[in-house]
Amino acid sequence: MNKLLLFFLFSSFVANLQAQQVAVLKYGGGGDWYSNPTAVPNLIQFSNQNINTSIDPQPGAVEPGSTDIFQYPLIFMTGHGNVFFSEEDALNLRTYLLGGGFLHIDDNYGMNEFIRRELKKVFPDKELEELPASHPIFSAAFNYPNGLPKIHEHDGLRPQAFGIFENGRLLCLFTFETDLSDGWEDPQVHNDPEEVRLKALQMGANIVKFAFSN
């Protein structure tokens, strides 16, 4: 990585850590990257009110191959179906994540096989590793000693959190069989009990705080 790119990455992250902006990943492949439109704005509002963040209330939307991705220290990704990263997308995402960015992928039901395939393009030499319940992301702001809360049933499997690491740093979080982002949506969208929505928002706030502080 040349010095000019390093300077660009550093400058972008310093500026946006101060501004605290986040974005949704607008990926290709036909999957519904735009699902759960109220989720991230609600999580931002909850985080600003409860963990002293100052995040812009309106999240951005950014493509994986765009240099605009470096404006955001935290990117959210969700959907139900296919995901496709071109070689340029994969290289740009790898540069972003190794340069200090953080990607949270929440399986909205049906993207598991596709995202695992595409992440191998981003990091061919790395595997998704399951996070233990003792990982600090589960207690960054709110304590979840058993790991991820279960928000929606899906296949009735236990919720799992997987990560990609570089020198011990968590670069990418993949949450599976929980559907946190459904729990962040407006109450009338899924009619989740308030205590279930609160668990989802608290765990989301943990992710936000962890991403901004690591």
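Helices and strands here are DSSP runs, numbered from the N terminus, with at least four residues for a helix and at least two for a strand. The model is a predicted one.

**Whole chain.** Start with the full protein chain. Read along the sequence, its elements follow the pattern α-β-α-β-β-α-β-α-β-β-β-α-α-α, which comprises 7 helices and 7 strands. Along the principal axes, the C-alpha atoms fill a box of roughly 50 × 35 × 30 Å. The radius of gyration is 16 Å, which agrees with the value near 17 Å that a compact globule of 214 residues would have.

**Helices α2 and α7.** Next select residues 39-50, which form α2, and residues 194-213, which form α7. The two axes come within 9 Å and cross at roughly 75°, so α2 is roughly perpendicular to α7. To see the contact, show Asn42, Leu43, Phe46 and Ser47 on α2, then Arg197, Leu198, Leu201, Gln202, Gly204, Ala205 and Val208 on α7. By class, these contact residues are 6 nonpolar, 4 polar and 1 charged.

**Largest pocket.** Keep α2 displayed and move to the largest pocket, which holds about 250 Å³ of space. Centre the view on Val24, Ser35, Asn36, Pro37 and Val40, the closest to the pocket centre among the 20 lining residues. Then add the elements that each give two or more residues to the lining: α2, β2 (60-62), β3 (74-79), β4 (102-107) and α5 (180-184). Colouring the lining by class gives 12 nonpolar, 7 polar and 1 charged residues.

**Last stop.** Return to α2, which contributes to the pocket lining and also makes the contact with α7.

How values were computed: Residues numbered from 1 in each chain as written. Predicted model: local features only at pLDDT ≥ 70, side-chain atom pairs only at ≥ 80, totals over all residues. Heavy atoms only, no water. 1 Å grid on protein atoms, 1.4 Å probe; cavity = no way out; pocket = protein on both sides within 12 Å on 5 of 7 lines; lining within 4 Å. Points joined across faces, edges and corners; volume = space filled by probe spheres on them. Nonpolar A, V, L, I, M, F, W, Y, C, P; charged D, E, K, R; others polar. Axes fitted to C-alpha atoms, helices over the stretch in contact; angles between N-to-C directions. Parallel < 35°, antiparallel > 145°, perpendicular 65-115°, else oblique. Contact = heavy atoms within 4.5 Å. Rg over C-alpha atoms; globule rule 2.2 N^0.38 Å.
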